[in-house]
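Me: I am new to this structure. Please take a close look at one buried spot, and then lead me on from there to other parts of the chain.

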Amino acid sequence: MEKFLYERLKNKNPKINVWFAFPAPESLGMSSLGYLSIFKQIDLMEDVFVERIFSDTKITAANPENLSVIGFSNSFEIDILTILKMLSKYNIPPLSKDRSEDCPLIFAGGPVLTANPIPFEEFYDFISIGDAKTTFDNIFKVLVEKKDESREAKLQALSEIEGVWVPKYGKEKPVKKITDTLEEPLYTPILSDKSYFKDTFIIEIERGCPKTCNFCIASWLNLPVRYTPLEKIIGAIDFGLQHTRKIALLGAYVAGHPDFDKILEYIREKNKTAPVELTLSSLRADLTSENVIKTLVECGQKTATIAVEAGSERLRRVINKDLTDEQILKTVETARLYGLKGLKIYAMVGLPTETNEDIDALINLMKRIKATNKGFELTLSVSSFIPKAHTPFQWSKKADSKELDVKLAHLKNQISKIGINVRPTSIEWDLIQSILSRASFSLASYILKVIENGGNLGAFKQTWRKMAKSGILPELNSYAAQPISENPDSKLPWEFICVTDKEILKKRLNDALKSS
C-alpha cells in the first residue's frame, strides 16, 4: 500500500511519457530518498506522465514504444548490470548508437556517473552530472519542446544544458557538476509498506561532509556542504509525524548540523507525547554525545554505526580522518553506558601508505574496545580501499589482491578470537569495482560480454582475462592496481567533468604523503 504525501496533479494532459527506473527490486527503490524525490519532481510537471519502474516490475502502464525517455538512478558501479538487463527486458538496444528514431532516449544520473561516466558512456544517450533538481527541470523542458523532433535535435538541445553530457559529442567541452541548494529539505514523498524501510519518513538535513576524507567520493562530490535550516527541518518532522511514527535523519555529516542538538531535543519532546522511532544514517566518533545516544535509545534504536577507517592515528592523519584512539574509545563507552546494545565499526585495508603495523594497530584498537566494553555487541566491517575519481587519492594505486587477502585473513583471525564479529569485504568484487570506477576508456564491449557469460564475479574475471589475451584489454590485476598517473600534473581522463579544483586535490595529496 502506498500513501502519497504530496498533492498530485489532476487531469494532466501530458505531452510525453517517461519511465523513471531504479535498478533494483521495488523494496530498495521505494527506500531511496533521492530516487523518490526526483520522481516527485517529474510527477509534478504538467506536461509529463512518469511511471516508476524497478527490476522486478511485472506490469507497466505505458509501453516502451510510447515513451520519450527512460531515466535511471545509477548509484553504484555494479548497477550497470541490472540497467542493461532492464533494457533487454523491454527490447531496447544496450548501445546508444544502435537505437533507432522509435527508441526512447536513455539517460542516467547519480554519483557513479558524476565521478567518471567514461566506462559507461556508450550505453547512454545523455547523462545528468551532479544534483538533479535544476538539471531535470531543464531536461524535461527540452524534451517537451522537442517532442516531435529527431533524436539528434533533442540531443543537440540537451547538450546545451549546464550539467548534461551527451557522450556522442565527445569530451572537449567541459561539463560542470550542478549543485542544488538545500534551503528546503528533501523528505519522503511516498510512504510504502513495500519499502525496505517500511513506512519510514526520511529527512535529508544536510548534504556533503566538511571533513573531506581523502578517499571519500561522497564528500568531494557534494561540496560545498549544505545544511537545511532548523525551522524547515522542524516543519518536516511535524509533517512526517502526521503520517507515521518512524523518522530517519539522513546525511553524510548528520551530527555536524549546527542545530543538531536542537533537532534531537525536538524529537525527544515529540516522543514524550507519542512514541517516535528514530534512525540516524551514521554517527561520528568525535560528535557522539550522551544526548545523542539517549535520544536514539529513547526512540527505539538499539545499534548504531561509526567509521574509524584505519587502526592507527598516523594512517588516520594520512586519510584526513581526524580521530584519536581516545575519541573512539570514549564514543563506544558512551554508546554502551547510555543504552545502545551494540555498535558496527567500519574500517578499511589497503589505504595509501598502509603498513602491517597499521593493521596490528586496528587489531589492538578493537581489543581495547572489547576489553573496556564487556557484554557489548561489536561488529567490525572491513572494506578495501578503492581509488575514486575527483578525490585526492584518485592518483593512488590499489593494493594487490593477494596482499589484501593476507591482511584480511590476519584481521579476521585475531579479532574473531576476542568475540567480535568480523564482516570482511570481497577482495575480488572490490577489484572489479576499482576497474569500473576508474577506467579511462569505455568498457561497453567488456560489460556486455560479462552479461552474456552470466554476470557474476567469475564472468567479470574470466571475460577480462580472455579479452586481455586477445590484446583488447590490459592485464587485469596490473591495470586495477596501477596508479592512474605517476604525474599529478598530467591530464586525467575524467577531467572534463568539473567537480573540484584539481590544484586543491593535488595539495591535499601532497599534504597526506608528507604526514605519512
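Reply:

**A close look at Thr188**

Thr188 has a relative accessibility of 4%, so it counts as buried. The cut-off for buried is under 20%. This model is predicted.

Where does Thr188 sit? Its place is a loop, the one between β8 (175–176) and β9 (190–192). Which residues does Thr188 touch, once those up to four places away in sequence are set aside? They are Leu5, Leu33, Thr200, Phe201 and Ile202. Ile202 appears again in a polar pairing. A polar atom of the Thr188 side chain lies 2.8 Å from the backbone nitrogen of Ile202.

**On to a pocket**

Leu33, touched by Thr188, falls within the range of α2 (33–43). That helix leads to the second largest pocket: α2 and β3 (48–54) each give at least two residues to its lining. The space in this pocket is about 320 Å³. Its lining has 19 residues, and the closest to the centre are Glu2, Val50, Glu51, Arg52 and Ile53. Which element supplies the largest share of the lining? That is β3, with seven residues. By class, nine lining residues are nonpolar, nine are charged and one is polar. As for the method in general, a probe the size of a water molecule is rolled over the atoms, and this shows where empty space is left.

**Another buried loop residue**

Pro104 is in a loop too, between α3 (79–89) and β5 (105–109). Is Pro104 buried or exposed? Its relative accessibility is 3%, so Pro104 counts as buried. Beyond its neighbours within four places in sequence, Pro104 is in contact with a list of residues. Among them are Pro64, Leu67, Ser68, Val69 and Ile70. The list also includes Ile92, Arg99, Asp125 and Arg151. Now look far along the chain. Ile328 is 224 residues away from Pro104 in sequence. The C-alpha atoms of the two are separated by 52 Å.

**Backbone exceptions**

Most residues other than glycine have a negative phi, and most peptide bonds are trans. Three places here go the other way.

Start with Thr212. Its phi is near 40 degrees, a positive value in a residue other than glycine. Thr212 lies in the loop between β11 (206–207) and α7. With a relative accessible area of 6%, Thr212 is buried.

Next comes the peptide bond between Leu223 and Pro224. What kind of bond joins Leu223 and Pro224? It is a cis peptide bond, with omega at about -5 degrees. Pro224 is in the loop between α7 (217–221) and β12 (226–227).

Last is Glu309. It is not a glycine, yet its phi is positive, about 70 degrees. Glu309 is placed in a strand, β15 (residues 303–309). Its relative accessible area is 11%, so Glu309 is buried.

**The strand around Glu309**

How much of β15 is covered? The strand is mostly covered, with five of its seven residues buried. β15 also has a partner, strand β16 (residues 342–349). The two pair in the parallel sense, over six bridges. One bridge pairing can be named: Ala307 has Tyr346 in β16 as its bridge partner.

Conventions
Residues numbered from 1 in each chain as written. Predicted model: local features only at pLDDT ≥ 70, side-chain atom pairs only at ≥ 80, totals over all residues. Heavy atoms only, no water. Helix = DSSP H or I, 4+ residues; strand = E, 2+ residues; numbered from the N terminus. Buried < 20%, exposed > 50% of the residue type's maximum accessible area, 1.4 Å probe, protein only. Polar contact = N/O pair within 3.5 Å; in protein donor to acceptor, adjacent residues only side chain to side chain. Contact = heavy atoms within 4.5 Å. 1 Å grid on protein atoms, 1.4 Å probe; cavity = no way out; pocket = protein on both sides within 12 Å on 5 of 7 lines; lining within 4 Å. Points joined across faces, edges and corners; volume = space filled by probe spheres on them. Nonpolar A, V, L, I, M, F, W, Y, C, P; charged D, E, K, R; others polar. Pairing = 2+ DSSP bridges.
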